[in-house]
Amino acid sequence: MKDDYLFIKSLKVDFAPKKAPVRALESVDLSLSRGKRGVLIGPSGCGKSTLINVLAGLNADYSGQVLIDGRPPLRGGETALILQDFGLLPWKTVWDNVVLGLKFRQKSAGEIKAAAESVLEKLGLLSLAQRYPAQLSGGQRQRVAIARALVLEPKLLLMDEPFSSLDALTREEIQDFLLEIWEETRLTIFLITHNIEEAVFLGEKIFIMSHSPGRIRQEIENNVSNASRQRGQTQFWEMCSFLRSFLHRSSHYAADA
Amino acid sequence: MRQTLKKSGGTIAVVISLIVLLIIWWLFSLALKNPAVPPPTDAIKNFLASLQKDLLTHLGISLYRVLTSLFLAAVLGVPLGIWIGKNQKIDDWVAPMIYLTYPVPKVVLLPVFLIILGIGDVSKIVLITLIAFYLILVTTRDAAKNLERGYISSVQSLGAGSWDLYIHVFLPGCLPAILTSLRLGLGTAMAVLFLVETYATQEGIGFFIMDSMSRLNYEDMFAGIIGMGLMGFFLYLILDKVENLLCRWVKL
């Protein structure tokens, strides 16, 4: 629906449009209402990251309609982006990484200090503020990336395979943590993954994408994500196996085409 | 704990290398029996004596020439290198120009510079600057080009403008490469310095060494060589310290 918070209609994106253009995305339609968690799942190389770049306002070279809260995507606005390798600057301490976005917004020193302290405190990172990213564990780094996004009080959180480099236990911890944050802030989350369990655990709405060129193959209302926070339950695994079989089938289609 | 161990290990290694080098030198002077290669003890004595005379003045002038050149080369080369590395379209135009001129040994332009810019400091500084500039430009451009895209897009998404990107991403991200190129540039600059100071000048350590040679004053000549060597060594040391100070994150 057009009045949804996140609304994409017949989005097309080409790579290297001047030389030999390769179509990365072919008429993607997608919508997500405010305060919902959407997860996009698909094989690697299907244009998931291209889509996120468009949503983050990093790529304006597209055709079709993309609206976030009724406006075209804008970088540095109410949207925060978290990347696979977290995108933390290795030459800045945790503190300096977290305050970066506030500095770009010309906040006063007092405001910056207060906001950063409260976010770091909440995420249990305050004692690590003077460390460099290289001195942190993967899970800690991921939390710094989340802190850097949350300190800007975004309305939309975009995440591009944010947990893929973490070990299984840390990944589940951070997934729980993300849900806690969502319950508290009720921001809209749009997350990309290739991990089926992650999609079922986090996504109220799951979008299945096929590759070359990328398009949305199926949209699934996932009640399991809300019904229980238990990963081990039968419904959870049923949903996972449903999703898995669907993904297998759609990759067959892609191979035949 | 580990750091202090490493540090003391490093100091011992430096002292041992120094002793080994002095022994090799001493053996050479014994074998050659030539006044052009005095034994280390005599040479160091002469060096200290020459410092009381005018060696220090010559070293000072050379230091001024090298430092000015490196400073100018960095001030011109770093921003330009980042700018080219960050803009693919500009790089497409500039890259062939760099590749055509980079391999040309710039030292051969010395006579041209002497004629156009005169025999003063300007021609020497311009030549050394030009050579170091190329090194810094190419290294910085490559570093900016190969900078992880994730840093750029994540900082852009935080709302960074073009200038913010320059200050917070490109400059610190390229700094290790820039300092490496400065160290390489320093070595080349010292070599070129010696060459330019042997022509049409009455000042500088290069002049001092060649002048002592022509006067058959081998003691002074060798004192000059030691002076130039120490100058290069200490400048290198300073760059090393600067790197440790500014790029702490690299060694984590």
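Start by selecting chain B of this predicted model and colouring its two domains separately, with residues 1-33 as domain 1 and residues 39-251 as domain 2. If you place a marker at the C-alpha centre of each, the two markers for domain 1 and domain 2 of chain B will lie 27 Å apart.

Next, colour chain B by pLDDT, for which the mean is 89, with 96% of the residues of the chain reaching 70 or more. Among the elements of chain B, helix α3, residues 55-86, has the highest mean pLDDT, at 94, whereas helix α1, residues 2-32, has the lowest, at 79. Zoom in on residues 1-6 of chain B, where the pLDDT is below 50 and where the stretch has 0 contacts in the model beyond near neighbours in sequence. Where pLDDT is low, the predicted coordinates should not be read in detail.

Now keep α3(B) on screen and add helix α8 of chain B, residues 162-197. A pair of packed helices is described by the angle between the two axes and by the distance between them. For α3(B) and α8(B), the axes come within 8 Å and cross at roughly 140°, and the crossing is right-handed. To see what fills the contact, show the side chains of α3(B) that take part, including Val66(B), Leu70(B), Ala73(B) and Ile82(B), and then those of α8(B), among them Phe170(B), Cys174(B), Ile178(B) and Leu186(B). Sorted by class, the residues of this contact between α3(B) and α8(B) are 16 nonpolar, 3 polar and 3 charged.

Move on to chain A and select its strands β1, β2 and β4, which form an open sheet in the order β2-β1-β4 with antiparallel pairing. Which strands stand at the edges of the sheet? They are β2, residues 22-32, and β4, residues 62-68, of chain A, each of which pairs on one side only. Neighbouring strands of the sheet are turned against each other by 20° on average, direction ignored.

Strands of a sheet pair through backbone hydrogen bonds, in either a parallel or an antiparallel manner. To follow one pairing in this sheet, display β1(A), residues 6-15, beside β4(A), which runs antiparallel to β1(A) and is joined to β1(A) by 6 bridges. As one example to pick out, Lys12(A) has Ser63(A) in β4(A) as its bridge partner. Then add helix α1 of chain A, residues 48-55, which lies across β1, β2 and β4 of chain A and runs at about 60° to β2(A).

Step back to view the domains of chain A, where domain 1 is made of residues 6-78 together with 155-256, and domain 2 covers residues 86-153. The C-alpha centres of these two domains of chain A lie 25 Å apart, and the contact between them takes 9 residues from domain 1 and 5 residues from domain 2. On the domain 1 side, select helix α5 of chain A, residues 168-185, which supplies the largest share, 3 residues. By class, this side of domain 1 of chain A has 5 nonpolar, 3 polar and 1 charged residues.

Finally, show both chains together, for which the predictor gives the complex an ipTM of 0.81 and a pTM of 0.82. How many residues does each chain bring to the contact? Chain A brings 18 residues and chain B brings 17 residues. On the side of chain A that touches chain B, helix α2 of chain A, residues 94-104, gives the most, with 3 residues, and by class that side has 11 nonpolar, 4 polar and 3 charged residues.

Key. Residues numbered from 1 in each chain as written. Chains lettered and ligands numbered in written order. Predicted model: local features only at pLDDT ≥ 70, side-chain atom pairs only at ≥ 80, totals over all residues. Domains from an automatic or database assignment. pLDDT = per-residue confidence, 0-100. Helix = DSSP H or I, 4+ residues; strand = E, 2+ residues; numbered from the N terminus. Contact = placed C-beta atoms within 7 Å. Axes fitted to C-alpha atoms, helices over the stretch in contact; angles between N-to-C directions. Left-handed = near helix turned anticlockwise from the far one by under 90°. Nonpolar A, V, L, I, M, F, W, Y, C, P; charged D, E, K, R; others polar. Pairing = 2+ DSSP bridges.
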